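Here is my notebook on this structure, kept for anyone meeting it for the first time. I jotted down each thing as I looked it up.

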Protein chains: 2
Amino acid sequence: MRAAVMYGAGDVRVEDRPDPKIAQPTDAVVRVVASCVCGSDLWPYASMPATGTGRPMGHEFLGVVEETGADVTGLSAGDLVVAPFTYSDNSCDYCAEGLHISCRNGGRYGFDGVDGGQGEAVRVPHADGTLVRLPVAPDSALLPSLLALSDVMTTGHHGALTAGVTRGDTVLVVGDGAVGLCSVIAARRLGAERIVLAGRHPARTGLGRDLGATDVVAERGEEGVARIRELTGGVGKVVEAVGTRPALDTALGAVRDGGTISRLGVPQYEQGPIGPAVFMRNITLTGGASPARAYIEHLMPDVLDGTITPGRVFDETFALGRTTDAYRAMADRRVLKALIRP
Amino acid sequence: MRAAVMYGAGDVRVEDRPDPKIAQPTDAVVRVVASCVCGSDLWPYASMPATGTGRPMGHEFLGVVEETGADVTGLSAGDLVVAPFTYSDNSCDYCAEGLHISCRNGGRYGFDGVDGGQGEAVRVPHADGTLVRLPVAPDSALLPSLLALSDVMTTGHHGALTAGVTRGDTVLVVGDGAVGLCSVIAARRLGAERIVLAGRHPARTGLGRDLGATDVVAERGEEGVARIRELTGGVGKVVEAVGTRPALDTALGAVRDGGTISRLGVPQYEQGPIGPAVFMRNITLTGGASPARAYIEHLMPDVLDGTITPGRVFDETFALGRTTDAYRAMADRRVLKALIRP
C-alpha cells in the first residue's frame with residue numbers, strides 16, 4: 001500500500017509500505033476513506049531529527065473494516081468506522097473511567113509496528129475497544145465532520161468540559177487552529193453565552209465567529225490580555241489550544257482569579273509559571289491529551305443531525321500522493337486543516 | 001501594646017507598638033485572646049533580608065471586639081470573634097463567589113498599616129465582612145480548634161475540597177505539618193476511606209493517624225513515590241501541603257493519570273514541571289491560597305460539637321513575650337504549631 005512517512009523535519013514521503021495484516025486476534029484492518037494532517041504533526045515536521053527508517057504518519061482517520069481478527073466481535077467487514085487518535089481496549093480501569101488516552105493496553109498510530117492513518121490502510125489494535133461504527137455511507141457529506149471526531153472535535157470538547165463550561169458562561173479560547181475552532185463549537189454546545197476567540201488569522205477567526213465566537217481578539221501578548229480584560233473583566237474558563245508559552249501566558253493573564261485554564265495544545269515547554277502568583281490567585285490548570293474515544297458516541301448525534309459542523313475546519317482536500325504538499329500548506333498556514341483522500 | 005515584629009531572618013522581637021485605633025468607619029479593634037505562628041511565617045524567618053522598620057507578624061487570631069467603627073453593624077464590643085488570615089469585605093464579586101482571598105478590598109495583616117495577629121490587639125479593616133462571631137466564652141476549651149479556623153483548618157478544607165475528595169476516595173496528603181494534618185481531618189470529614197499521609201516526623205504522623213490517616217509513608221523522593229504506588233496503585237486525589245519542589249514531585253509521582261493535585265503550601269519555586277508528561281497524563285493542578293472566610297461558618301458546627309478537633313495541632317503554648325522562642329521552636333521542628341497567648 002501507499003502511506004506517508006516522515007524522515008525528518010520537512011521531509012514527508014509517500015511510499016510503498018507492507019499491506020497491513022491481522023497480527024493479533026483483537027486487530028482489524030481498516031481501508032482508509034479519509035484521514036488528515038494534525039497541528040501536532042507540524043511539530044515533528046518543524047524539528048524532527050533526520051532518520052533512516054522514518055515514521056508512518058497520521059493518527060486521525062475513518063474507513064471501512066476490511067478484515068477482523070478472531071476475537072473481534074463488534075465489527076464486521078464492510079463497517080464504516082472512525083478511529084480515535086489513539087487505540088485503547090475500552091475495558092481497563094482507565095478506559096472505564098473515561099480516560100482512554102491512558103489505556104493500559106493503548107498506544108499511538110505510527111509507533112510500535114502500527115501503521116499511521118495517512119495511508120491506504122491501517123492495522124488497528126484492540127479494534128473492538130477502539131473503533132466506532134458510523135451509521136452513514138462512505139460517501140456521506142457528513143464524513144469530514146465525523147472525521148473530526150477522531151481528534152479535533154473530541155479534543156475541543158475535552159477542553160470545554162474540563163474547563164467546566166456551563167450554560168451562560170464567558171469562555172476564552174486561545175488559538176484559532178482547528179482545535180481552537182472546535183473548542184469554540186464545544187463551548188457553544190455546552191451553553192457558553194460569550195466566547196472570546198484569541199487569534200490573528202482573519203479567515204480562521206471569521207470561521208470562528210460562524211461557529212459561535214462572539215468576540216475576536218487579534219492582539220497578542222500584553223496587548224491581547226489587556227483587550228480581553230477590557231472586554232470581559234477577566235475570564236473564568238479558558239481553553240488554551242496552542243501549546244506554546246506565549247499562549248499559556250495569554251491564558252494566565254486573561255483568566256480571572258479562581259478560574260480554570262484547560263490546556264489542549266501539547267506543551268512546547270517543560271517548565272511553566274506555577275509559582276506564588278498563580279497559587280495566590282487560585283488558578284486551576286487542567287485538560288491534557290483528550291480521551292477521544294470517551295466522547296465519540298456522545299458527540300456523534302450532534303454531528304449526524306447537523307447541530308455541530310466541525311468538518312468546516314477542513315479547508316482543502318489532498319490526494320494521498322500529495323500529502324507532502326498538505327504538510328507544506330499547513331506549515332505555511334495557507335491551509336487550516338488538510339483532509340487526505342487515499 | 002506589645003506585639004511581635006520581624007526585622008529579618010531569625011530576628012523576631014516583641015516590642016511596644018502604637019495601640020490600634022479605629023481609622024475607618026468599617027474597622028474594629030480586637031483585643032487578642034489567642035494567636036499563633038504559621039508555617040508560612042517560617043519562610044521569612046529563614047530568609048527575610050534585614051530591615052530597619054520591621055514587619056508586624058501573625059495572621060491567625062481570635063479575640064474580643066473592643067471597639068467598632070461607625071459603619072460596623074454586625075459586631076459589638078464584647079463579641080468573641082475569629083479572624084480569617086486575610087481581611088475581606090465579604091461583598092465584592094470575588095467574595096460573592098466564595099473567593100475571599102481575592103477580595104477587591106482585602107488585604108493582609110502586618111501590611112499597609114494593619115497590625116499583625118501576634119500582639120495584644122489588632123485593627124481589623126472591613127470588620128463586618130471579615131470577623132466571625134464565636135458562640136463560646138473566651139475561656140472555652142474549644143478555643144484552639146476555633147483558632148484553627150483562622151487558617152490551617154480552613155486551608156486543609158480548601159485542599160480536600162478542591163482536590164474533589166468525596167465519600168470512599170483514596171487521598172494522599174503530602175506533608176505532616178499543621179496544614180497537612182488539617183488536610184487529613186478535612187479529607188476524612190468529606191468521606192475519604194483511605195488517607196495516606198506522607199511525612200517523616202513520628203510524633204506528627206502519629207497525630208495524623210489519630211486524626212484519620214490510614215497509612216503513613218515516611219520514605220521520601222522516588223522511594224516514597226514507589227511506596228505510595230505500592231500501597232495504592234496511584235492516587236486520584238492529592239493534597240500537597242508543603243510548597244517545596246520535592247513535595248510537588250512526590251505528588252506528581254504518586255498521582256494517578258487523570259488525577260488532581262491541590263496545592264496548599266505556598267510554592268517555594270517560580271517554575272514547575274507542567275510539560276508534555278503532565279499534559280499527556282491529564283493531571284489537574286488546583287488549590288491555592290485558601291479563602292478561609294468562605295469556610296468558617298461551614299466548619300464551625302463540626303468544631304463546636306467535637307466532630308473535628310483541629311486544635312490538636314497546637315502542641316505548645318507560649319506567652320506573647322516568648323514569641324521569639326515560639327519561632328525558634330517551630331523552625332527547629334521541636335514544636336508543630338505554637339499557640340501564643342498575650
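**Entry 1: the strands that meet.** I began at A:Gly272, whose bridge partner in β16(B) is B:Gly272. The two strands, β16 (residues 271-273) of chain A and β16(B), pair in the antiparallel sense over three bridges. Pairing here asks for at least two DSSP bridges between the strands. Strands are DSSP runs (E, at least two residues) and helices are runs too (H or I, at least four), numbered from the N terminus.

**Entry 2: ground rules.** I am reading a predicted model, where local features need pLDDT of at least 70 and side-chain atom pairs count only at pLDDT 80 or more, while totals for chains, interfaces and linings use all residues. Residues are numbered from 1 along each chain as its sequence is written, chains are lettered from A and ligands numbered from 1 in the order in which they are written, and side-chain values use heavy atoms, with hydrogens and water left out.

**Entry 3: chain B against chain A.** I found 37 residues of chain B in contact (heavy atoms within 4.5 Å) with 37 residues of chain A. About 3100 Å² is buried between these chains, and carbon and sulfur atoms give 51% of that. Buried area is the accessible area (1.4 Å probe) that two parts lose on being put together, summed over both. On the chain B side, B:Ile274, B:Phe279 and B:Asn282 lose the most area to chain A, together 23% of what that side buries.

Next I looked at charges: four salt bridges cross between chain B and chain A. Each is a side-chain nitrogen of Lys or Arg within 4 Å of a carboxyl oxygen of Asp or Glu. I noted the one between A:Arg256 and B:Asp93 (3.1 Å, N to O). Elements giving two or more residues to the chain B side include α9 (245-254) and β15 (255-263).

**Entry 4: inside chain A.** The domain assignment, which is automatic or from a database, gives domain 1 (2-151 + 291-341) and domain 2 (156-287). Their C-alpha centres lie 27 Å apart. The contact takes 15 residues from domain 1 and 18 residues from domain 2.

How much area do the two domains bury between them? I read about 1600 Å², with 65% of it on carbon and sulfur atoms. In domain 1, A:Trp43, A:Arg312 and A:Leu336 lose the most area to domain 2, together 35% of what that side buries. A:Arg312 came up again, for its side chain meets that of A:Asp210 in a salt bridge (2.9 Å, N to O). The rule finds two salt bridges across this domain interface.
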